[in-house]
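Work through the exercises below with the structure in view, and try each task before reading its solution.

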Amino acid sequence: MKKANKQRFFGGVLAAVLTAGALYVPSEAVSFAAGVGTGADPDTYVAPRTGLNVNAPAAPEPYPQEPKTLLPGEPAEPIPGTWGYDVRTGAFTHPAMSPDTGEGPQPFNGSLPYLDMNQYSKNMKVEAFYPYVAGWGHSWQATFDLNGHRYLYDYENDMYNVFDITDPKKVKRIDHKEFNIKGSDGGLNQFGPFNVKYNKTLGKLIAVQGYETPRYGILENKYTSPEEVKAIRDRKMLRGFRIYEVTSPLWTEWKVLSETPLDSKAKAKDQPQQGSGSVDVPVYWGDKYLFVAGAPDDSFANNEYKSYLYSNAQIAYDISDPTKPKRLSVWWAPGQRKGEEADYNKNPRAGNKTSWMGARMPLFIPKPVEQGGKYGYAAMGGLGFYIVDISDPANMKTISHLEIPMSVSGTEGDNIDVTKVETTGMVYYSGYPLGEDCHEPYKHIYAIDVRDPKNPKIAYALPRPTPPAEAPFTDYCQRRGSFGPKRSGYAAIQPGTPNQQYMPYTFYNAGVQIFDLKDPKKPTIAAYFVPKMYGEIPNEDGKTTRPSESSNPVHSIFVEWDRNLVWAFSNHGIYVLSTPLLGEPISGVPKNKL
């Protein structure tokens with residue numbers, strides 16, 4: 001999840017956009033007044049305004065920069081001349097390393113001075129658009145089928161929208177709710193990520209919803225603000241998960257079956273509890289086992305990240321009786337806990353006050369244990385990639401570990417796509433950008449060959465998306481906002497059987513990119529949909545609008561493999577997309593789901 005949004009829409013023309021890291025630094029400040037061509041100075045780029053960009057809104061200006069003292073070990077600003085946009089070749093070079101300077105525009109010589117209003121598409125069709133937004137830079141989704149209808153939740157911690165999506169071209173919003181996430185009333189003040197599955201044994205729809213300590217808004221810097229650390233430690237809330245019986249499309253009508261802290265020494269009513277709580281979407285297949293990520297107590301604390309106290313482990317539960325979950329085992333990487341500093345300090349990131357160390361998401365499991373699945377794949381941030389034997393959830397064990405190339409700052413080791421591993425032996429591992437204007441290393445999507453589980457190895461990286469020829473820029477870093485992969489959706493909750501050749505992926509300002517993996521020696525981008533950078537969002541009064549945020553144009557996707565639909569969640573609304581690569585889109589609830 002990205003940090004709290006600090007960016008609001010700025011009017012006015014961006015007058016000077018040079019930063020210390022520009023590859024080509026003219027002798028005078030560069031004016032990006034609307035114009036066409038490359039300017040009189042061959043080392044100055046002036047973006048053309050054509051098509052829908054003639055009247056495009058101005059891009060946000062850089063934040064006023066206050067003097068900043070880096071903490072010991074923090075990465076320094078990249079050296080001028082080592083990164084930036086080459087106006088002669090149209091290529092962009094990412095910094096090798098950058099500090100965690102917080103979010104905000106950091107344009108360079110070559111950045112667009114306006115928000116690109118054009119839309120670009122290849123092999124994709126917009127089936128419908130709905131102007132609803134749940135999260136400015138991040139949101140989760142979940143679907144479930146009930147009484148012949150399919151429902152979609154689009155949500156963040158502080159709000160959710162519920163839609164009847166049975167007919168994707170006539171979607172109806174049936175509920176909306178907002179939460180006061182600044183309070184501390186036992187966890188009822190937030191809406192955590194959840195997973196809904198039909199439990200055949202019980203004959204009921206069961207939902208598991210996680211609750212974790214806030215990642216923003218309370219703790220800004222644990223190294224300098226002990227009072228903020230104390231506020232997190234003392235916060236009264238459920239740090240774990242709830243299990244519900246889903247009796248209605250509406251969350252407010254679900255029946256609570258149990259509340260379980262990850263802290264094994266605490267009961268749900270005990271306050272405060274230790275640890276982080278349950279991180280991201282729980283992995284549950286509608287049967288016996290549940291897998292969550294989180295720090296079960298305060299000893300899981302070796303993490304560089306400034307605004308987070310914990311280093312999250314992987315935890316397995318038996319929820320055969322959803323009213324009485326039983327913790328089976330906890331797996332963690334060497335060095336995550338206090339007292340394991342000897343292992344922790346072997347990592348080159350140790351001490352940098354920047355890297356996320358530990359899990360951001362639960363294990364990625366291609367096949368449920370109940371169906372004979374043996375392996376879970378762990379993205380452990382700066383601690384790297386692990387293969388874990390989960391065949392006996394009461395005794396999870398490490399099979400192997402693989403170091404991943406450093407990519408500081410930004411998020412390392414967040415997502416693993418496991419949808420192709422059963423047929424190809426490949427999983428796809430990536431982090432995602434936190435900064436804007438490519439002021440950090442690029443986040444590659446690595447194909448990892450796991451056919452020999454004891455010896456995983458990086459086979460190749462997926463191609464970096466490039467703009468179409470008609471775009472007024474030659475590299476997506478110029479388009480403003482964030483650029484890079486986010487996630488490919490959630491294999492554990494997206495309905496249907498994933499296509500074994502094509503993999504959709506969210507790419508922020510590069511929209512949705514679909515990779516063709518047929519030839520593992522030469523993966524390509526076979527389709528894409530890149531919407532405009534900005535739009536007007538309807539307010540709840542139904543009469544007025546507000547400008548959308550521009551830093552994260554497309555931050556999430558949800559793939560309905562059983563209906564051949566890709567839902568793209570942008571900063572200005574929801575796009576329902578189809579592509580001939582997946583097949584004709586389907587309306588209604590597939591018969592095998594009724």
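**Exercise 1.** In this predicted model, decide whether Y132 is buried, partly exposed or exposed, and do likewise for F163.

*Solution.* Begin with Y132, whose relative accessible area is 28%; because buried means under 20% and exposed means over 50%, Y132 is partly exposed. Then turn to F163, which has 1% relative accessibility and therefore counts as buried.

**Exercise 2.** Classify the aromatic pair that Y132 and F163 form, and state where in the chain each residue lies.

*Solution.* By the rule for ring pairs, the count comes to 41 aromatic pairs. In the pair of Y132 and F163, the centres are 5.3 Å apart and the planes are at 55 degrees, so that the pair is tilted. This pair links distant parts of the chain, since Y132 belongs to the loop between strand 4 (125-130) and strand 5 (140-146), while F163 is in strand 7 (residues 159-164), 31 residues apart.

**Exercise 3.** Classify the aromatic pair of W331 and Y386, and say whether its two residues are buried or exposed.

*Solution.* The distance is 5.2 Å centre to centre, with 70 degrees between the planes, and as angles over 60 degrees count as edge-to-face, this pair is edge-to-face. Next, place the residues: W331 is in strand 16 (residues 326-331) and Y386 in strand 18 (residues 385-389), 55 residues apart. Finally, both W331 and Y386 are buried.

**Exercise 4.** Find which ring R360 lies over, and which ring the charged end of R464 sits over.

*Solution.* R360 lies over the face of W356, 4.3 Å from the ring centre. The charged end of R464 is placed over the ring of Y442, at 5.3 Å from its centre.

How values were computed
Residues numbered from 1 in each chain as written. Predicted model: local features only at pLDDT ≥ 70, side-chain atom pairs only at ≥ 80, totals over all residues. Heavy atoms only, no water. Phe/Tyr/Trp six-rings, centres within 6.5 Å; stacked < 30°, edge-to-face > 60°. Helix = DSSP H or I, 4+ residues; strand = E, 2+ residues; numbered from the N terminus. Buried < 20%, exposed > 50% of the residue type's maximum accessible area, 1.4 Å probe, protein only. Lys NZ or Arg CZ within 6 Å of the ring centre and 35° of its normal.
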